[in-house]
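Notebook open, model loaded. I want to go through side-chain packing and the ligand site, one lookup at a time.

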Amino acid sequence: MAFSRVFSDPPSKSIFRTFAVMLLSILASLYFLHCLAERCGTCIPMERRETGPVEGFYVSKLKDFESLRRKRLKKWTSTRPLVMRRHRVSEENLPGLEANVKLSNSLDVHLEPGGSYLDTGKLRTLGEGSKKLPQAIIIGVKKGGTRALLEFLRVHPDIRAVGVEPHFFDRNYDNGLEWYRDLMPKTLEGQITMEKTPSYFVTHEAPARIYAMSRDTKLIVVVRDPVTRAISDYTQTLSKKPDIPTFESLTFKNRTTGLIDTSWSAIQIGIYAKHLDNWLQFFPMSQILFVSGERLISDPAGELGRVQDFLGLKRIITDKHFYFNQTKGFPCLKKAEGSSKPHCLGKTKGRTHPNINPEVVQRLRDFYRPFNMKFYQMSGRKFGWDD
Ligand code: A3P
């Protein structure tokens with residue numbers, strides 16, 4: 001009907017209508033083709049993209065890292081019986097894995113022998129609870145006995161700790177608190193989440209950053225005679241770089257004048273009073289517990305008692321949990337967390353130190369004495385390093 005009317009209308013009107021009809025049909029065809037293309041797109045296999053937020057570089061890096069970890073873990077566990085799968089990582093049982101896993105300048109997680117991959121939180125997908133930011137942190141000091149303290153504390157049912165050193169408040173701060181929380185193991189109501197990164201104690205920004213996370217964070221520092229600590233620190237570096245100069249030559253700026261090189265980190269870390277001063281700008285002494293590295297070896301249960309009190313926990317870890325291993329020369333756990341077997345720390349803990357010139361040792365003792373006195377005063381405990 002419409003078609004015959006087009007032909008019966010005057011010519012100008014008819015041309016206009018014909019043009020309008022053609023335009024409409026072209027538009028309709030284009031729309032039809034568009035719809036067809038859309039439908040095909042869902043049928044042809046295409047690269048699938050997540051509709052969620054765009055993943056940042058570090059998140060994807062972390063995923064790569066996780067997948068690498070899973071692969072290594074799978075390879076490692078596939079050769080061992082199932083019961084061994086929640087085994088702690090140590091140099092002996094995970095060959096070929098670097099102790100310090102670096103991913104990029106600002107994303108690195110330190111895995112120490114003794115730390116467990118399964119306790120990084122990322123791999124602990126089973127189990128109840130949720131990941132929380134730590135309420136207590138072992139902030140130092142390097143070579144003080146921090147691994148021993150963390151391993152012993154993990155025996156407590158109300159403590160869950162991440163095995164790796166997250167280095168969040170020094171190296172990885174730009175990754176944000178969610179990145180940090182995600183590293184933590186899941187905890188139930190009433191359980192305390194913990195981590196240890198010994199370099200925090202000497203990181204200038206760490207107190208302000210931890211305070212910004214939570215002003216209630218409990219801080220634990222394992223301190224050890226600064227001279228022995230310095231030698232232990234040097235021994236660790238020497239084990240990785242055998243060509244470094246002698247301890248004696250690194251100690252002095254000028255050997256003849258006896259001027260000590262306080263810029264050498266092995267020396268600097270031991271000036272505890274100076275570092276503590278920085279922490280006291282943000283936290284009261286009542287929130288910082290100093291553990292004696294020496295007592296942790298001679299009386300682990302006694303020191304653990306103090307730590308449990310400080311954390312407001314029942315004293316569950318006692319003498320019964322430890323035995324002295326003659327071969328290792330250190331106290332070990334009768335049963336490690338989640339295992340029924342005795343557990344000593346790996347061979348990177350309790351190294352034999354090189355002999356250091358006694359005069360140099362004496363010079364260092366003299367150097368540290370006033371700082372130690374100040375530290376005893378500030379902390380309210382005599383550690384007996386100068387007796
Ligand atoms: P050495 O290897 O110099 O003896 P950190 O874990 O902070 O790096 O500290 C390492 C130090 O922890 C070791 O230093 C060792 O003396 C000390 N330590 C304390 N208790 C220990 C234990 N039960 N087993 C092994 N080392 C222990």
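**Entry: a lysine and a ring.** I began with Lys218, which lies over the face of Phe310, 5.6 Å from the ring centre. Worth keeping in mind for everything below: this is a predicted model.

Phe310 came up again when I looked at Ile288, since the two are in contact. Ile288 lies in strand β11, residues 288-292. Is Ile288 buried or exposed? I get a relative accessible area of 6%, and the cut-off for buried is under 20%, so Ile288 is buried. Setting aside neighbours within four places in sequence, I also find Ile288 touching Leu219, Val221, Leu276, Trp279, Leu280 and Phe283. I checked one C-alpha distance too: Ile288 to Thr217 is 9.1 Å, with their positions 71 residues apart in sequence.

**Entry: whole chain.** I stepped back for the totals. The chain has 13 helices and 13 strands. Of its 387 residues, 45% count as buried. I then took the contacts between residues at least 6 apart in sequence, and 71% of those join residues at least 24 apart.

**Entry: aromatic pairs.** How many aromatic pairs are there? My count, with ring centres within 6.5 Å as the rule, comes to 24 aromatic pairs. I picked out Phe169 and Tyr200: they sit 5.3 Å centre to centre with 75° between the planes, an edge-to-face pair. This pair links distant parts of the chain, 31 residues apart. Phe169 is in the loop between β5 (159-161) and α5 (177-183), while Tyr200 is in the loop between β7 (192-196) and α6 (206-213). Phe169 has 0% relative accessibility and so counts as buried. Tyr200 is also at 0% and counts as buried.

Next I looked at Tyr234 and Trp264. Their ring centres are 6.2 Å apart and the planes stand at 80°, so I log this pair as edge-to-face. Tyr234 belongs to helix α7 (residues 226-240) and Trp264 to the loop between β10 (259-260) and α9 (265-268), so the pair ties together parts 30 residues apart in sequence. Both Tyr234 and Trp264 are buried.

Back to Phe169 and Tyr200: ring pairs link them into a cluster with Phe168, Tyr173, Trp179 and Tyr180.

**Entry: helix α6.** Which residues of α6 are buried? I find Ala206, Pro207, Ile210 and Met213. Looking down the axis of α6, I see these buried residues fall within an arc of 125°, so they line one face of the helix. That fits the textbook spacing: an α-helix has 3.6 residues a turn, so residues three or four places apart point the same way. What do the buried residues of α6 pack against? I noted β4 (136-140), α5, β8 (218-223) and α10 (272-280).

**Entry: Arg229.** I went back to α7, since Arg229 lies in that helix. Is this arginine buried or exposed? Arg229 counts as buried, because its relative accessibility is 0%. I then looked for a polar partner and found the backbone oxygen of Ala266, 2.9 Å from a polar atom of the Arg229 side chain. Other contacts of Arg229, leaving out neighbours within four places in sequence, include Val141, Lys142, Lys143, Arg224 and Tyr272. Ser265, Ile269 and Gly270 are among them as well.

**Entry: Gln268.** Gln268 is in helix α9. I get a relative accessible area of 27%, so Gln268 goes down as partly exposed. Beyond four places in sequence, Gln268 touches Thr262, Ser263, Lys274 and His275. I also took the C-alpha separation from Val202, which is 8.7 Å across 66 residues of chain.

**Entry: ligand site.** Last lookup of the day. I count 18 residues around the ligand, and the closest are Thr146, Ser232, Pro331, Gly350 and His353. Which atoms of Gly350 lie 2.8 Å from an oxygen atom of the ligand? It is a backbone N or O atom of Gly350. Gly144 also comes in through a backbone N or O atom, at 3.3 Å from a ligand oxygen. Lys143 uses its side chain instead: a polar atom there lies 3.0 Å from an oxygen atom of the ligand. Lys143 was already in my notes as a contact of Arg229.

Key. Residues numbered from 1 in each chain as written. Predicted model: local features only at pLDDT ≥ 70, side-chain atom pairs only at ≥ 80, totals over all residues. Heavy atoms only, no water. Phe/Tyr/Trp six-rings, centres within 6.5 Å; stacked < 30°, edge-to-face > 60°. Helix = DSSP H or I, 4+ residues; strand = E, 2+ residues; numbered from the N terminus. Buried < 20%, exposed > 50% of the residue type's maximum accessible area, 1.4 Å probe, protein only. Lys NZ or Arg CZ within 6 Å of the ring centre and 35° of its normal. Arc of directions from axis to C-beta. Contact = heavy atoms within 4.5 Å. Near = heavy atom within 4 Å. Polar contact = N/O pair within 3.5 Å; in protein donor to acceptor, adjacent residues only side chain to side chain.
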